[in-house]
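Opening the notebook on this one. I want to look up how the strands pair, and then check one residue in a helix.

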Amino acid sequence: MLTAFARAFKTPDLRKKLLFTLGIIVLFRLGAHVPIPGVSYQNVQICVNQAQSGNNLMGLVNLFSGGALLQITIFALGIMPYITASIILQLLTVVIPRLEALKKEGQSGTAKITQYTRYLTVALAILQGTGLVATARSGALFQGCPVATEIVPDQSIFVTATMVITMTAGTAMVMWLGELITDRGIGNGMSILMFISIAAGFVSALWAIKLQGKIADGWVEFGIVILVGLAMVALVVFVEQAQRRIPVQYAKRMIGRRSYGGTSTYIPLKVNQAGVIPVIFASSLLFIPMLIVQFSGGQSDWATWIQKHFVDGKPIYIATYFLLIVFFAFFYVAISFNPDEVADNMKKYGGFIPGIRAGRPTAEYLSYVLNRITWPGSLYLGLIALVPTMALAGFGANQNFPFGGTSILIIVGVGLETVKQIESQLQQRNYEGFLR
């Protein structure tokens, strides 16, 4: 990977793209430290340093914002509204015929869906910004902090509206920065910003584990976390690269005096076809009960039961989290990969799987193979997501464990895709393969 980056910096146009991407990243990280108007910066720092914030409720959004959420900065919402809007549009594409028709129109239809995604992102940013401001004003954002209710000193309507508008504008700017990276930089812009947001908290999380450790001033716990993290990175790389290749052959066709077709290819079905989406879905659903309890006051019997059992480390929470991840893995694969459509396209262009008849038998075979490989993929996602809760809990590495769950999946996945894109662009400019 380091060799690919070194060679990229020696290529003038790639060097410009990399420097442009680095400039956008610096701007993005600066915005994550600029507080919005109306917030008492001193009180926020007091509460953040006490580390008593509601991680169970805001942990996922804070992760995707690079810690900007709890700092209540202009990029506090980060790219989470865009991710949510993209997922919603992708799900609605299966349900609404108009969106499905747009998806099949090619580049023009994709541009229209992207425009809808931007509008929905702004709407979700307004909604989430309003919720964040209301949570900060009530003191629920930092439970246990003595100055939690003084984070927003002036609670007038004008100040509240200014805070919501500022965070919405910050989300729109983050979305624009991501599109700039996609157009003029290296890699997918939103994925790069997501990568940077998560990686920004790695060093502090590792050092916190060392400070919380008790054996040899915390160095033993620190070393164990590093070893476990390296093992998990190797596992994620292995599974993310694993795929089932279904061979496909195309019959020869005579058009005039020329012969077309007769080629052999394959359909790559990844073991983890759903990616990180099931983990995000499951985490979001598990936040809902605690959110309801927090805004209802938490005095009733059902609220007490939820507060007791739906927290990290409890058996009911772990079992529910795992089952939701498995369910959403199958659900997302079912809506993102249509065996009938693939079989019809193969039949239309004269393609077939050796030993399988074209048409309905091909669709049934693809569905059978997809279900078989989704099982290990969903179990793998559940295992990775539960590592922060179950592994090394005795070493102070539960919620601060950086090598687990959504973070490691996104970091490894984005890193692999970015390096692949750099290498593919390098191969277009270097042809010394046969000469060396």
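Before anything else, the cut-off I need: a residue is buried when its relative accessible area is under 20%. I also note that this is a predicted model.

Entry 1, the helix residue. I looked up Thr362, which lies in helix 17, residues 360-390. Is Thr362 buried or exposed? Its relative accessibility comes out at 1%, so I put Thr362 down as buried. Next I asked which residues Thr362 touches, leaving out those up to four places away in sequence. I got Ala343, Met346, Ile353, Ile356 and Arg357.

Entry 2, the sheet. I found an open sheet of three strands, and I read its order as 4-1-5 with antiparallel pairing. Why do strand 4 and strand 5 each have one side without a neighbour in the sheet? Strand 4 (264-270) and strand 5 (351-352) are at the edges and have a single partner strand each, so one side of each stays free of a neighbour there.

Entry 3, strand 1 with strand 4. How many bridges join them? I get seven between strand 1, residues 243-250, and strand 4, running antiparallel. For the register, I noted Gln243 opposite Lys270 of strand 4, and Val248 opposite Thr265 of that strand.

Entry 4, strand 1 with strand 5. Here I have two bridges, again in the antiparallel sense. On this side I wrote down Gln249 of strand 1 facing Phe352 in strand 5.

Methods: Residues numbered from 1 in each chain as written. Predicted model: local features only at pLDDT ≥ 70, side-chain atom pairs only at ≥ 80, totals over all residues. Heavy atoms only, no water. Pairing = 2+ DSSP bridges. Buried < 20%, exposed > 50% of the residue type's maximum accessible area, 1.4 Å probe, protein only. Contact = heavy atoms within 4.5 Å.
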